[in-house]
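This report describes the surroundings of a bound ligand and one further pocket. The sequence and structure are shown first.

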Amino acid sequence: MNESPILLMAPLHGPTQEKLESRHTVHRLWEAPDAGALIASLADTCRVVVTTGGKGIDAATMARLPKLALVACFGVGVDAIDLGYCRKHGVAVTNTPDVLTDEVADLALALLLATVRRIPYGDRFVREGRWLKGGMPLTQSLRGRKVGIVGLGRIGAAIGRRCEPFGTTIGWHGPRAKPGVGWQYFDDVVELARWADVLIAACPGGPETHRLISRAALEALGPEGIFVNIARGSVVDQAALVELLGKGKLGSAGLDVFDDEPNVPQALIEMENVVLQPHMGSATHATRTEMGRLVLENVAAWSEGKPLVTPVA
Ligand code: 8YV
């Protein structure tokens, strides 16, 4: 049996954190008066760190925990973890795939429909009494549109399946074509954006996708174009996004993720053609419970010397 105090990098889903703390000695980094001193105090004993999709662990911090053996991420995106350090130093990494795929894809479609049909605007239109003075302007439609998906992993593919029943045509971009995928592949994200009416970011975060959706891609999407991001803020040029939306060179956007969460540019907050969500993709009771189950099972498997449940390749 492997015993280890656990360094928790950020608050987890409540019930998951309660279970973790009932089974292990857990140190909450964000509550430490001196984070550096806490990490130094764990140097000889801490072999397990728990992270979230948004709060990972960098190489410098892991280097201060030389006994580290496992980083268990509460989330599917591991871009906030220095995987190169983990590979080099034999630190195992686990995440929480599959259990959140449908939830995140559902939110992507909800965000797309809310953006295309201007649902938050309509809600305000009624609440502010504007309907008493006349009807709301007509909106665009999702029906029959061309939807470009950037990143056809589990979540991207689930989004595509959700969009097809709306009579849409699906195209996609990724590092390489995939056999057996019936949707049109574009090896250039700008060309996909030029083709598409809607562009949905569903790719992982990290160096390979940093600003993948560039100013050029957003300009190619065009003044009627709709951009949806349920991936990471880092995958899009956020400054260009704000500028093009503000100048009417991009039609509208539905955003669940941002560069510097929870800080959102005031310009986006003030825009009527933007729908904003506070990184809610997987944030339901049911899905966060399942994510927590995987974290607890991975930590237990490590403690018992058994194979990890969801290791990151
Ligand atoms: C959560 C996520 O943000 O799975 C991910 O990568 O971004 C989300 O599920 C996060 O990990 C939980 O705080």
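## Polar contacts of the ligand

In this predicted model, a polar side-chain atom of Arg232 lies 2.8 Å from an oxygen atom of the ligand. Ser282 also contributes through its side chain, where an N or O atom is 2.7 Å from a ligand oxygen atom. At Gly53 the contact comes from the backbone: a polar atom there is 2.7 Å from an oxygen atom of the ligand.

On its own, the ligand has 320 Å² of accessible area, and the protein covers 86% of that area.

## The shell around the ligand

The residues that surround the ligand are Thr52, Gly53, Phe74, Gly75, Val76, Gly77, Leu100, Arg232, His279, Ser282, Arg288 and Met291. Arg232, Ser282 and Gly53 thus appear in this shell.

By class, the shell consists of six polar, four nonpolar and two charged residues. Glycine is counted as polar in this division.

## The second largest pocket

The second largest pocket has a volume of about 300 Å³. Its lining comprises 19 residues, of which Thr115, Arg118, Ser252, Glu272 and Asn273 are the closest to the centre of the pocket. Two helices, α5 (101-116) and α6 (119-127), and one strand, β12 (274-276), each give two or more residues to this lining.

The lining of the second largest pocket divides into nine nonpolar, six polar and four charged residues.

Note on methods. Residues numbered from 1 in each chain as written. Predicted model: local features only at pLDDT ≥ 70, side-chain atom pairs only at ≥ 80, totals over all residues. Heavy atoms only, no water. 1 Å grid on protein atoms, 1.4 Å probe; cavity = no way out; pocket = protein on both sides within 12 Å on 5 of 7 lines; lining within 4 Å. Points joined across faces, edges and corners; volume = space filled by probe spheres on them. Helix = DSSP H or I, 4+ residues; strand = E, 2+ residues; numbered from the N terminus. Near = heavy atom within 4 Å. Polar contact = N/O pair within 3.5 Å; in protein donor to acceptor, adjacent residues only side chain to side chain. Areas by Shrake-Rupley, 256 points an atom, 1.4 Å probe, with all protein chains shown as cover.
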